[in-house]
Amino acid sequence: MVTSTSNGQVKELVRMMKKSRARDEAGVFLVEGPRMAGELMADPGWLERIERIYLSESYAGKHETELAEIKKNVRTEILADPVFSHVSDTKTPQGILAVVKRKEYRMPDILGEDPASAHVLVLDNLQDPGNLGTIFRTAEAAGVTGVILSSDCVDIYNPKVVRSTMGALLRVPFLYVEDLPGTVGELKDDGIRVYAAHLEGEHAYDGEDYTGGTAFLIGNEGNGLRDEVAACADCLIRIPMLGKAESLNAAVAASVLMFEVSRQRRHRG
């Protein structure tokens, strides 16, 4: 059992918890809590990617049977409770933390089995961890085939984002790209119609047909889509609003659009 915060493993865990560069260098992300850790271990594809699981002393004591099962499949390390609290990113640590090797996705993963049925979300400079986590959860629920993010979006592996995805991170393919307009062009070349959620949209979002390959462009929380990204769209759409509200939260707007696709395709079927 590790009892000191000066332990090398502990120092590296803290570094990876706090710094995206450390996570990038190691090619891993961190998962905290029994729910997501359980999902990792229940999926053979992810199970083989778990590099190590860390448990607090008290958690290990309460889950001896479960711990014996975990040890059969994954390397484990027990940390004294104060040490685990030192490592954890949460105010009330849940006692289990996994270090996981990342999956690398490519464009075919984003489009799914048939580009004609692709349902893609394209995020431009999204910055809020909570928004990104909510978008991923909603994307899974609405049947999105994949998410494309500009390279300046918030890090999907930020521990706050990982937690807020509630496991959707493990199931929704995603891709960070340097050239967002160029990538949108690739989508169009694949026959996907691209819509930009925009305050100057000429068409109401629910007047369009999303039963074919569809992609939505969603912009930054404060500034919306960059002009050069919005210009890539086939069509600018808006969400009609009553009252004095000028715009919706990025995650809310994305959710409205994603579920309209889901509704149309459900009724088509």
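**A four-stranded sheet and two nonpolar cores**

Let me begin with the open sheet, which has four strands in the order E1-E4-E2-E3 and in which the pairing is mixed. I should say straight away that what we are looking at is a predicted model. The edges of the sheet are formed by strand E1, residues 28-32, and strand E3, residues 76-79, each of which pairs on one side only. If we ignore direction, neighbouring strands of this sheet are turned against each other by 20 degrees on average.

Staying with E1, its partner is strand E4, residues 96-101, and the two run antiparallel and are joined by five bridges. To find your way along this pair, you can look for valine 31, which stands opposite alanine 98 in E4. Helix H3, residues 34-42, lies across E1, E4 and strand E2, the last of these being residues 50-56, and the helix runs at about 40 degrees to E4.

Now to the interior. In soluble globular proteins, nonpolar side chains tend to be buried together. Here the largest nonpolar core has 56 residues, and those that touch the most other members are Phe29, Leu121, Leu123, Leu132, Val147 and Phe174. Helix H13, residues 250-268, gives this core its largest share, namely seven residues.

Which residues is leucine 121 in contact with, once we leave aside its neighbours within four places in sequence? They are Ile135, Val144, Gly146, Val147, Ile148, Phe216, Ile218, Ala254 and Met258. Apart from the largest core there lies another one, of 22 residues, which includes Ile110, Val122, Leu175 and Ala196.

Terms used
Residues numbered from 1 in each chain as written. Predicted model: local features only at pLDDT ≥ 70, side-chain atom pairs only at ≥ 80, totals over all residues. Heavy atoms only, no water. Pairing = 2+ DSSP bridges. Axes fitted to C-alpha atoms, helices over the stretch in contact; angles between N-to-C directions. Contact = heavy atoms within 4.5 Å. Core = buried A, V, L, I, M, F, W, Y, C linked by side-chain atoms within 4.5 Å. Buried < 20%, exposed > 50% of the residue type's maximum accessible area, 1.4 Å probe, protein only.
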